[in-house]
Amino acid sequence: MPKPHTYAVRVTWTGNLGTGTDTYKSYERAHEITAEGVPPILGSADPTFRGDPSRWNPEQLLLAALSQCHMMSYFHQCAVNGVVVTSYVDDAAGTMVVAGGGGHFTEVVLRPRIEIAEESMRERALALHGPAQQGCFIAASVNFPVHHEPTVTVRA
């Protein structure tokens, strides 16, 4: 039987300007995301939806979660398959469309730039993105495609 994992966060709205949500323009979208043992994340809405551009929005956090999850899953695959990663930077991008009263992501593209220890590891380093995708819990939980465009270089 699979072991369940549970997670808990608290989202606290801090944007009441005195009249609550009296009108669409009468409140800030400011909020704080907290969890036990970690520093808070200051959140808001996307600036398009009257949010504060100096704070993280939910769409960015979803993109970050996909990128982080893939990276951790990829590192596991590399570790058990003899690929030594010495550097990893992902410039992830996502596309969301808004229609009617809502919206949805249509795709995410992860673009990790990976540095490995030896040339002999290059082919495996590229191939391991497939198993890493399969092992990413967040990617398995979304209903849009998550693509990968990795670049692999060898440490000089």
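**Close-up views of a predicted model**

**Figure 1. Cys69 and Cys136 in the predicted model.** Cys69 has a relative accessibility of 14%, so it counts as buried, the cut-off being under 20%. The model shown here and in the other views is predicted. Cys136 is likewise buried, because its relative accessible area is 1%. With a disulfide taken as two cysteine sulfur atoms within 2.5 Å, the count of disulfides is zero.

**Figure 2. The largest pocket and its lining.** Cys69 appears again here, as one of the residues that line the largest pocket. The other lining residues are Tyr7, Ala8, Leu61, Ala64, Ala65, Gln68, Phe137 and Ile138. The volume of this pocket is about 470 Å³. Eight of the lining residues are nonpolar and one is polar, with no charged residue in the lining.

**Figure 3. The second largest pocket and its lining.** This pocket holds about 160 Å³ of space. Its lining consists of Val9, Ile33, Thr34, Ala35, Val38, Pro39, Ile41 and Leu61. Leu61 is listed in the lining of the largest pocket and also in that of the second largest. Strand S2 (31-35) and strand S3 each contribute at least two residues to the lining of the second largest pocket. By class, the lining comprises seven nonpolar residues and one polar residue, and no charged ones.

**Figure 4. The loop between strand S3 and helix H1, seen at Arg50.** Strand S3 covers residues 38-43 and helix H1 residues 58-80, and Arg50 lies in the loop between them. The phi angle of Arg50 is positive, about 70°, although the residue is not a glycine. Arg50 counts as partly exposed because its relative accessibility is 40%.

**Figure 5. The salt bridge between Arg55 and Asp52.** This pair is one of four salt bridges in the structure. The closest N and O atoms of Arg55 and Asp52 are 3.9 Å apart, and the cut-off is 4 Å, so the pair is counted. Asp52 is partly exposed, at 29% relative accessibility.

**Figure 6. The hairpin of strands S5 and S6.** Strand S5 (residues 93-99) and strand S6 (residues 102-110) run antiparallel and are joined by seven bridges. Ala99 stands opposite Gly102, which belongs to S6. Two residues separate the strands in the hairpin, and Gly100, in the turn, has a positive phi of about 60°.

**Figure 7. The salt bridge between Arg113 and Asp91.** The closest N and O atoms of Arg113 and Asp91 are 2.2 Å apart. The pair links distant parts of the chain, with the two positions 22 residues apart in numbering: Arg113 is in strand S7 (residues 112-116), and Asp91 is in the loop between strand S4 (85-90) and S5. Both partners are partly exposed: Arg113 has a relative accessibility of 40%, and Asp91 has one of 43%.

**Figure 8. The salt bridge between Arg111 and Glu149.** The side chains of Arg111 and Glu149 meet with an N to O distance of 3.0 Å. This pair too links distant parts of the chain, 38 residues apart. Arg111 lies in the loop between S6 and S7, and Glu149 in the loop between strand S8 (146-148) and strand S9 (151-154). Arg111 is partly exposed at 33% relative accessibility, and Glu149 is partly exposed at 42%.

Key:
Residues numbered from 1 in each chain as written. Predicted model: local features only at pLDDT ≥ 70, side-chain atom pairs only at ≥ 80, totals over all residues. Heavy atoms only, no water. Helix = DSSP H or I, 4+ residues; strand = E, 2+ residues; numbered from the N terminus. Buried < 20%, exposed > 50% of the residue type's maximum accessible area, 1.4 Å probe, protein only. 1 Å grid on protein atoms, 1.4 Å probe; cavity = no way out; pocket = protein on both sides within 12 Å on 5 of 7 lines; lining within 4 Å. Points joined across faces, edges and corners; volume = space filled by probe spheres on them. Nonpolar A, V, L, I, M, F, W, Y, C, P; charged D, E, K, R; others polar. Pairing = 2+ DSSP bridges.
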